[in-house]
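Notebook open, coffee next to it. I'm going through this model piece by piece and jotting down what I look up.

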Amino acid sequence: MTHAQSTRAARDAATTGTGAPQDSAITVTTDGLPGWLDPVAHAARSVRAQQLSRFLPPESGAGRQSAVLILFGEGERGPELLLMERSSSLRSHAGQPSFPGGSLDPADGDRATTGPLRAALREAEEETGLDPSGVQIFGVLPRLYIPVSSFVVTPVLGWWREPSPVGVVDPAETARVFTVPVADLTDPANRATAVHPSGHRGPAFLVESALVWGFTAGVIDRIIHFAGWERPWDRTKQVPLDWRA
């Protein structure tokens with residue numbers, strides 16, 4: 001199923017009742033979005049997986065199905081993005097800043113349609129305490145792959161229409177929850193290239209006393225690029241990582 005077909009299927013299941021009962025409340029809509037999010041919504045409708053990452057899901061269908069919530073809101077400094085820092089005791093991606101998210105549960109529904117949408121909202125609530133009823137899902141990006149943990153990730157785009165308090169729910173899972181102004185993410189002074197001892201290089205952001213790198217930074221980098229928000233930055237500026245990263 002293509003990204004466009006998956007998005008249409010999610011909408012159809014939500015609006016016609018053809019999906020599982022728990023899927024009926026999940027909708028994907030751009031109605032009422034603030035104008036500054038229009039470029040992101042437009043990009044989500046046409047971007048291909050190969051334009052977002054060189055790591056694509058195995059053709060065999062193998063991998064741990066998961067979803068993340070890329071949640072945009074408006075704060076004191078304008079547009080912002082919700083992130084969290086994973087607990088250092090976790091087995092996968094310990095200590096890394098990330099989007100809220102995690103593996104799909106059977107109760108989330110069809111993994112090819114609305115399952116990832118429900119999983120992204122459920123995981124975000126479990127990890128940050130946000131109220132899912134205040135989140136408007138406005139797009140779904142193509143599935144991507146994280147080889148080191150075998151996660152097949154569906155990035156779900158959300159607009160924080162009605163913000164709710166957020167914070168650490170379970171310290172064993174989440175170290176902290178924070179928001180980052182989009183202005184800081186697009187500031188060339190906060191951008192760098194992360195270099196892993198394995199030789200892998202990728203975009204990084206030094207924001208809110210955190211080094212955002214890996215999968216999360218890669219997706220943010222591509223969203224900034226395709227939304228037309230990117231500003232020239234020094235790609236020779238490097239941030240070394242160690243083998244524990």
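**Helix 2.** I started on the outward side, where H42, R45 and S46 are exposed. This is a predicted model, so every entry here is a reading of a prediction. Which residues of helix 2 are buried? I find V40, A41, A43 and A44, within a helix that covers residues 38–46. Looking down the axis of helix 2, I see these buried residues fall within an arc of 160 degrees, so they line one face of the helix. H42, R45 and S46 sit on the other side.

**Cavities.** Next I searched the whole structure for holes. How many cavities of 30 Å³ or more turn up? The search gives 2. I noted a volume of about 70 Å³ for the largest cavity. Its lining is made of V40, A43, A44, V47, L52, L141, R222, I223, F226 and A227. Helix 2 and helix 6 are the elements that give two or more residues to that lining. V40, A43 and A44 were already on my list of buried residues of helix 2, and they turn up again in the lining of the largest cavity.

**Helix 6 and D221.** I stayed with helix 6 and picked out D221, which lies in it. Is D221 buried or exposed? Its relative accessibility is 7%, and the cut-off for buried is under 20%, so D221 counts as buried. Leaving aside neighbours within four places in sequence, I get contacts from D221 to R191, P203, F205, E230 and W233. Two of these contacts, R191 and F205, are also bridge partners of each other, with F205 in strand 10.

**The four-stranded sheet.** What is the strand order in this open sheet? I wrote down 11-10-9-12, with mixed pairing. Strand 11 (210–212) and strand 12 (238–240) are the edge strands, each pairing on one side only. On average, neighbouring strands here are turned by 40 degrees against each other, ignoring direction. Helix 6 (residues 214–226) packs on this sheet and touches strand 9, strand 10 and strand 11. The direction of helix 6 makes about 85 degrees with that of strand 10.

**Strand 10 and its partners.** I went along strand 10 (residues 201–207), which pairs with strand 9 (residues 191–195) in the antiparallel sense over 5 bridges. Besides R191 with F205, I noted V195, whose bridge partner in strand 10 is R201. The hairpin of strand 9 and strand 10 has 5 residues between the strands, and G199 there takes a positive phi near 105 degrees. Strand 10 also pairs with strand 11, again antiparallel, over 3 bridges. V207 has A210 in strand 11 as its bridge partner. That hairpin has 2 residues between the strands, and E208 in the turn shows a positive phi of about 50 degrees. Why call strand 10 largely enclosed by the rest of the structure? I counted 5 of its 7 residues as buried, so the description follows.

**D184.** I then checked D184, which is in helix 5 (residues 182–186). At a relative accessible area of 13%, D184 is buried. Not counting residues up to four places away in sequence, D184 touches R77, N190, V207 and E208. E208 is the turn residue I had just logged for its positive phi. I also took a C-alpha separation: D184 and L206 are 22 residues apart along the chain, with 8.8 Å between those atoms.

**Strand 1.** Now for strand 1 (residues 64–75), which is mostly covered, with 9 of its 12 residues buried. Which way does strand 7 (residues 151–160) run relative to strand 1? The two run parallel, joined by 9 bridges, and I70 has L157 in strand 7 as its bridge partner. Strand 4 (residues 101–103) pairs with strand 1 in the antiparallel sense over 3 bridges, with G102 in strand 4 as the partner of A67. Strand 2 (residues 78–86) is also antiparallel to strand 1, through 4 bridges. F72 stands opposite L81 in strand 2, and a hairpin of 2 residues joins strand 1 to strand 2.

**E126.** Last entry: E126 lies in helix 4 (residues 115–128). It is partly exposed, at 37% relative accessible area. The C-alpha atoms of E126 and P100 are separated by 9.0 Å, and the two residues are 26 apart along the chain.

Conventions:
Residues are numbered from 1 along each chain as its sequence is written. This is a predicted model: local features need pLDDT of at least 70, side-chain atom pairs count only at pLDDT 80 or more; totals for chains, interfaces and linings use all residues. Side-chain values use heavy atoms; hydrogens and water are left out. Buried means under 20% relative accessible area, exposed over 50%, partly exposed in between (1.4 Å probe, protein chains only). The arc is that of the directions from the helix axis to the C-beta atoms. Contact means heavy atoms within 4.5 Å. Two strands pair if DSSP finds at least two bridges between them. Axes are lines fitted to C-alpha atoms, for helices over the stretch in contact, and angles run from 0 to 180 degrees between N-to-C directions. On a 1 Å grid over the protein atoms alone, a cavity is a set of points where a 1.4 Å probe fits but cannot get out, and a pocket is an open set with protein on both sides within 12 Å along at least five of seven lines; lining residues have an atom within 4 Å of a point. Grid points are joined across faces, edges and corners, and a volume is the space filled by probe spheres set on the points.
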